[in-house]
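This report describes one protein chain together with the ligands modelled beside it. The sequence and the structure are shown first, and the description follows.

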Amino acid sequence: MNTLFPIFVKAEKLRILIVGGGYVGLEKLTAVLANSPQAHVTLVAPEIRSEIPELAQQHPNVTLVQKLYHPDFLEGFDLVIVGTNDKAVNRQVQVDCKARHILVNVADTPDLCDFYLSSVVKKGDLKIAISTNGKSPTFAKRFREVLEEILPDSLQETLDNLTAIRNQLKGDFVQKMEKLNEITKVLR
Ligand SMILES: C[C@@]1(CC(=O)O)c2cc3[nH]c(cc4nc(cc5[nH]c(cc(n2)[C@H]1CCC(=O)O)[C@@](C)(CC(=O)O)[C@@H]5CCC(=O)O)C(CC(=O)O)=C4CCC(=O)O)c(CCC(=O)O)c3CC(=O)O
Ligand SMILES: NC(=O)C1=CN([C@@H]2O[C@H](COP(=O)(O)OP(=O)(O)OC[C@H]3O[C@@H](n4cnc5c(N)ncnc54)[C@H](O)[C@@H]3O)[C@@H](O)[C@H]2O)C=CC1
């Protein structure tokens, strides 16, 4: 059974720490910034891949710290993603986060994750997050590509029109809901 509870996080309102500056660190930083370019992200690792400072340069809220992880780094962070090549370090970060009630993603160990990153389909304001419950990230990626292909660009116009109608509607909550359900019947 898939018991994951999906939410959409306003990442720019949180402080995010990424531990590890290799391929995985780069992938996760890219994923965060692609969705939330203004996110406050700190990345800590003794060795940082060259693509990471290049990406950080374009994002003023990204801070790079070229040091080994230490639990003191966790102070003030809401969310942590760890992907070093040292399993013991990854595990230690997870333990340290749990002790501080910080949500943690351990990239190489799904069982230790409080949350997963998802494949993300974007069409204007529409955003669809895909997870396979950790079964196959590659399937998630391929399914994202399928949805990106089939969703029309005109979707944004539909959303803009529905927003305009929504803002103009009079009446109480139930009346508005009924009207919006009626108008959108054609989408089924
Ligand atoms: C559990 C989870 C935890 C988490 O990372 O959050 C996790 C775990 C692991 N991934 C591994 C490998 C790969 N991950 C990818 C890609 C993505 N992985 C992502 C998410 C997740 N990966 C979470 C579950 C999501 C779900 O529920 O479906 C995506 C969706 C989002 C993102 O990372 O931003 C992003 C696609 C984005 C896109 O393009 O749309 C590729 C393919 C590629 O890069 O082309 C490969 C190589 C092929 C393969 O192994 O499948 C390994 C083995 C490591 C090893 O063998 O050493 C583990 C560990 C394990 O499974 O044990
Ligand atoms: N969830 C996912 O999407 C995926 C997870 N993985 C897993 O992630 C792990 C990392 O892989 P890569 O990034 O390719 O490794 P890498 O070798 O490219 O980079 C490792 C990074 O960890 C850093 N590091 C090592 N010890 C550290 C410490 N004590 N404190 C802070 N940083 C430290 C290094 O400086 C380096 O930046 C592997 O275990 C791999 O199995 C790999 C692919 C995808």
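## Backbone outliers and ligand surroundings

Asn133 counts as exposed, because 12 C-beta neighbours lie inside 10 Å of this residue and the limit for an exposed residue is 12 or fewer. The model in which Asn133 is seen here is a predicted one. Asn133 is placed in the loop between β7 and α4. Although Asn133 is not a glycine, its phi is positive, at about 60 degrees.

His101 is a further non-glycine residue with a positive phi of about 60 degrees. The loop that holds His101 runs between α3 (87-99) and β5 (103-106). His101 counts as exposed because it has 7 C-beta neighbours inside 10 Å.

Arg144, by contrast, belongs to helix α4. Why is Arg144 partly exposed? Its count of other C-beta atoms within 10 Å is 18, and a residue is buried at 20 or more and exposed at 12 or fewer, so a count in between is partly exposed. The three residues are set side by side below.

| Residue | Location | C-beta atoms within 10 Å | Class |
|---|---|---|---|
| His101 | loop between α3 and β5 | 7 | exposed |
| Asn133 | loop between β7 and α4 | 12 | exposed |
| Arg144 | helix α4 | 18 | partly exposed |

Leaving aside residues up to four places away in sequence, Arg144 touches Ser119, Val120, Val121 and Ile130. The C-alpha atom of Arg144 is separated by 26 Å from that of Gly21, a residue 123 places away along the chain.

### The chain as a whole

The protein chain contains six helices and seven strands. Read from the N terminus, its elements follow the order β-α-β-α-β-β-α-β-β-β-α-α-α. The C-alpha trace spans about 55 × 40 × 35 Å along its principal axes. Of the 188 residues in the protein chain, 20% count as buried. Among contacts between residues at least 6 apart in sequence, 51% join residues at least 24 apart.

The domain assignment divides the protein chain into domain 1 (11-117), domain 2 (118-151) and domain 3 (158-187). The C-alpha centres of domain 1 and domain 2 are 22 Å apart. Four residues from domain 1 and four residues from domain 2 take part in the contact between these two domains. On the side of domain 1 that touches domain 2, three residues are nonpolar, one is polar and none is charged.

### The hairpin and the annotated segment

Strand β6 (residues 119-123) and strand β7 (residues 126-130) run antiparallel and are joined by five bridges. Within this pairing, Val120 has Ala129 of β7 as its bridge partner. The hairpin of β6 and β7 has two residues between the strands, and Gly124 takes a positive phi near 60 degrees there.

An unreviewed UniProt entry places the feature "domain: Siroheme synthase central" at residues 124-148. Over residues 124-148 the chain is 48% helix and 20% strand. The C-alpha atoms at the ends of residues 124-148 are 11 Å apart.

### Surroundings of the ligands

Where does ligand 1 lie with respect to domain 1 and domain 2? Ligand 1 lies between them, because domain 1 (11-117) and domain 2 (118-151) both give residues to its shell. Ligand 1 is surrounded by 21 residues, of which Ala31, Ser119, Ser131, Thr132 and Pro137 are the closest. The elements that give two or more residues to this shell are α1 (23-35) and α4 (137-150). Helix α4 gives the most to the shell around ligand 1, with five residues. By class, the shell around ligand 1 has eight nonpolar, nine polar and four charged residues.

Around ligand 2 there are likewise 21 residues, and Gly22, Val24, Tyr69, Thr84 and Ala107 come nearest. Here α1 gives the most to the shell, with three residues. The shell around ligand 2 divides into 11 nonpolar, seven polar and three charged residues.

How values were computed:
Residues are numbered from 1 along each chain as its sequence is written. Chains are lettered from A and ligands numbered from 1 in the order in which they are written. This is a predicted model: local features need pLDDT of at least 70, side-chain atom pairs count only at pLDDT 80 or more; totals for chains, interfaces and linings use all residues. A residue is near a molecule or strand if its C-beta atom, placed from the backbone, lies within 6 Å of it. Helices (H or I, at least four residues) and strands (E, at least two) are DSSP runs, numbered from the N terminus. Ala, Val, Leu, Ile, Met, Phe, Trp, Tyr, Cys and Pro count as nonpolar, Asp, Glu, Lys and Arg as charged, and the others, Gly among them, as polar. Domain bounds come from an automatic or database domain assignment. Two residues are in contact if their C-beta atoms, placed from the backbone, lie within 7 Å. UniProt positions are given in the numbering used here, feature names are shortened, and annotations may be inferred rather than shown by experiment. Two strands pair if DSSP finds at least two bridges between them.
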